[in-house]
Amino acid sequence: MFSLPDARRVDPDKGTTIVYRLARQTVEGAFSVDPTTGAIKVAAASLIDYEDRTSHVLEIYVETTAMHQTGKNLTVTIEDVDEPPSYDGVEVELAVDENSAEGTLVGSIAAVDPEGASMTYTILSQTGTGSTSTPFRIKSGEAKLEVAASAGLDYESTSRHEVQIEAKDTSLQKTTKTFFVNIGNVNDAPVLPATITRSHPKLTGGNVGEALSQNLEDDDLLRRGSTESHMWNITGGADASLFDIDASTGQLKVASGASISTTGDRTVTVEVQDAGGLTDTTTVTISITDANFPPQVTVSPTTKTLA
């Protein structure tokens, strides 16, 4: 608060009490008048803004105990001062999908300068991901945040980022604001190695090694509480007719009625599909080995002559 020059006047009748009253003003509540001294003061600084109004008119009355009064209109001129940019009312919750490409728009980071000056923006800090510490950048020449190169945005590892932005005007007045970037979860494709190897003895049926699901990578499975299922299918390969696969677990097994009597490699092509329809394939090589049967013991009958 600060005081303007007193609005006093002298009553020629000595001993008469003078009271000052603010009858009306351009913006109600902006100023007040001390009833004893007549000092005009700022009552609400938020109502006094050069950019909104450059002057205010106050209608002031001077009243005496002798029931005399006189009125005067005073004009208060507002001087302009350079104010820093403001982020008041700006939305700080932004969003972008995981795996978004470089240059994908995240949202606006524009501040408002009371004087209408142009501004520059700087990222002061940001939380990173596993692959980069700077997943976001400011779009060239604009007050917008975008995905940076090699951002590696991944919902499963970091679902929310904090980015602190500084806005600075041409007179170097500045302000800062923290924005929150929420990462949207999208369906990640299942990933299998290009080739998988299993082994199985000849002339035997049953399961072939461990289930192929042991070789599966799917980021969606990393989500807490995820129950995403996968479907497995043999789609080809030179020896596809010799094997079956469990559609739920990816467990390979020797097909019913099939007989694999010789050693060597057999190959099949297997496809896995997630609940969202995304797929991947792999070539499985099954190495057929000699069967390791236990040794056979033959017992011959013997004859013993009793004396």
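This is a short tour of the protein chain, stop by stop, with what to select along the way.

**Before you click**

You're looking at a predicted model, where local features need pLDDT of at least 70, side-chain atom pairs count only at pLDDT 80 or more, and totals for chains, interfaces and linings use all residues. Residues are numbered from 1 along each chain as its sequence is written, and side-chain values use heavy atoms, with hydrogens and water left out.

**Stop 1: the whole chain**

Show the cartoon: the protein chain has zero helices and 18 strands. (Both are DSSP runs numbered from the N terminus: helices are H or I with at least four residues, strands are E with at least two.) Now colour by burial. Of the 307 residues, 33% count as buried; that label means under 20% relative accessible area, with exposed over 50% and partly exposed in between, using a 1.4 Å probe and protein chains only. The accessible surface (Shrake-Rupley, 1.4 Å probe) comes to about 18,000 Å², and 48% of that belongs to carbon and sulfur atoms. For contacts (heavy atoms within 4.5 Å) between residues at least 6 apart in sequence, 60% join residues at least 24 apart.

**Stop 2: the charged network**

Select E102, R137, K139 and E146, which are linked in a network of salt bridges. A salt bridge here is a side-chain nitrogen of Lys or Arg within 4 Å of a carboxyl oxygen of Asp or Glu. Zoom in on E146, which is buried at 6% relative accessibility. Its side chain meets that of R137 at 2.6 Å, N to O, and that of K139 at 3.8 Å, N to O. R137 is partly exposed at 29%, and K139 is partly exposed at 29% too.

**Stop 3: another pair**

Next, pick E166 and K174, whose side chains form a salt bridge at 3.8 Å, N to O. E166 is buried at 11% relative accessibility, whereas K174 is partly exposed at 49%. A search of the whole structure finds nine salt bridges, if you'd like to hunt for others.

**Stop 4: Q251**

Finally, go to Q251, in the loop between strand 15 (243-245) and strand 16 (252-254). Q251 is buried, with 12% relative accessibility. Which backbone oxygens lie by a polar atom of its side chain? Turn on distances: the oxygen of G209 is 3.0 Å away, and that of V208 is 3.5 Å away. Leaving out residues up to four places away in sequence, Q251 touches several others, including N207, E210, A211, L212 and I245.

Technical notes. Polar contact = N/O pair within 3.5 Å; in protein donor to acceptor, adjacent residues only side chain to side chain.
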